[in-house]
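Work through the exercises below with the structure open. Try each task before reading its solution.

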Amino acid sequence: LAFTRSAFVVKKEKNAQPNWLGVGLAFGTSAALWAFLLKEHDEDVMEYERRRQAKGHHKCTECS
């Protein structure tokens, strides 16, 4: 009989009942981040196009 303590406890995994709250939060967070990134990308592309067109009408030589 050894008087040592293990840092790990062996438990039987419960694979029959997934943690649906955790799964939903993980997928929901991922979907929200993708939606935010796509929205930001579209806004950045629109701003790029707006500035590119505005630069074409600008006659100042110091800005380019």
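**Exercise 1.** Why does K39 count as partly exposed? Then find a salt-bridge partner of K39 and classify that partner too.

*Solution.* The model is predicted, so treat each value as computed from it.
Step 1. Take the cut-offs: buried is under 20% relative accessible area, exposed is over 50%, and partly exposed lies in between.
Step 2. K39 has 42% relative accessibility, so K39 is partly exposed.
Step 3. Look for a carboxyl oxygen within 4 Å of the side-chain nitrogen. E40 qualifies: the closest N and O atoms of K39 and E40 are 3.7 Å apart.
Step 4. E40 has 27% relative accessibility and therefore also counts as partly exposed.

**Exercise 2.** Which salt bridge does E47 form, and how are the two partners placed in helix α1?

*Solution.* Step 1. The side chain of E47 meets that of R50 in a salt bridge, at 2.5 Å from N to O.
Step 2. Both residues sit in helix α1. They are three residues apart, about one turn of the helix.
Step 3. Check exposure. E47 is partly exposed because its relative accessible area is 29%. R50, at 49%, is partly exposed as well.

**Exercise 3.** Which residue pairs with R52 in a salt bridge? Then place the pair, and find the residues joined into a network.

*Solution.* Step 1. The partner is E49, with the closest N and O atoms 3.3 Å apart.
Step 2. R52 and E49 both belong to helix α1, three residues apart, or about one turn.
Step 3. E49 has a relative accessible area of 31%, so E49 is partly exposed.
Step 4. Now the network: salt bridges with shared partners join K39, E40 and E43.
Step 5. For the total, a search of the whole structure gives five salt bridges.

**Exercise 4.** Which residues make the nonpolar surface patch of about 470 Å²? Follow one of them, F36, into its helix.

*Solution.* Step 1. The patch is made by W34, F36, L37 and L38.
Step 2. F36 is in helix α1, which covers residues 20-56.
Step 3. Patch residues need over 30% relative accessible area. F36 has 47% and counts as partly exposed.

**Exercise 5.** Where does UniProt place the "transmembrane region", and what secondary structure does the model show there?

*Solution.* Step 1. The unreviewed UniProt entry puts the feature at residues 20-38.
Step 2. In the model, this span is 100% helix and 0% strand.
Step 3. Its end C-alpha atoms lie 27 Å apart.

Conventions: Residues numbered from 1 in each chain as written. Predicted model: local features only at pLDDT ≥ 70, side-chain atom pairs only at ≥ 80, totals over all residues. Heavy atoms only, no water. Patch = residues over 30% accessible without salt bridge, like charges linked within 9 Å, V, L, I, M, F, W, Y side chains within 5 Å. Areas by Shrake-Rupley, 256 points an atom, 1.4 Å probe, with all protein chains shown as cover. Helix = DSSP H or I, 4+ residues; strand = E, 2+ residues; numbered from the N terminus. Buried < 20%, exposed > 50% of the residue type's maximum accessible area, 1.4 Å probe, protein only. UniProt positions renumbered as here; feature names shortened; annotations may be inferred.
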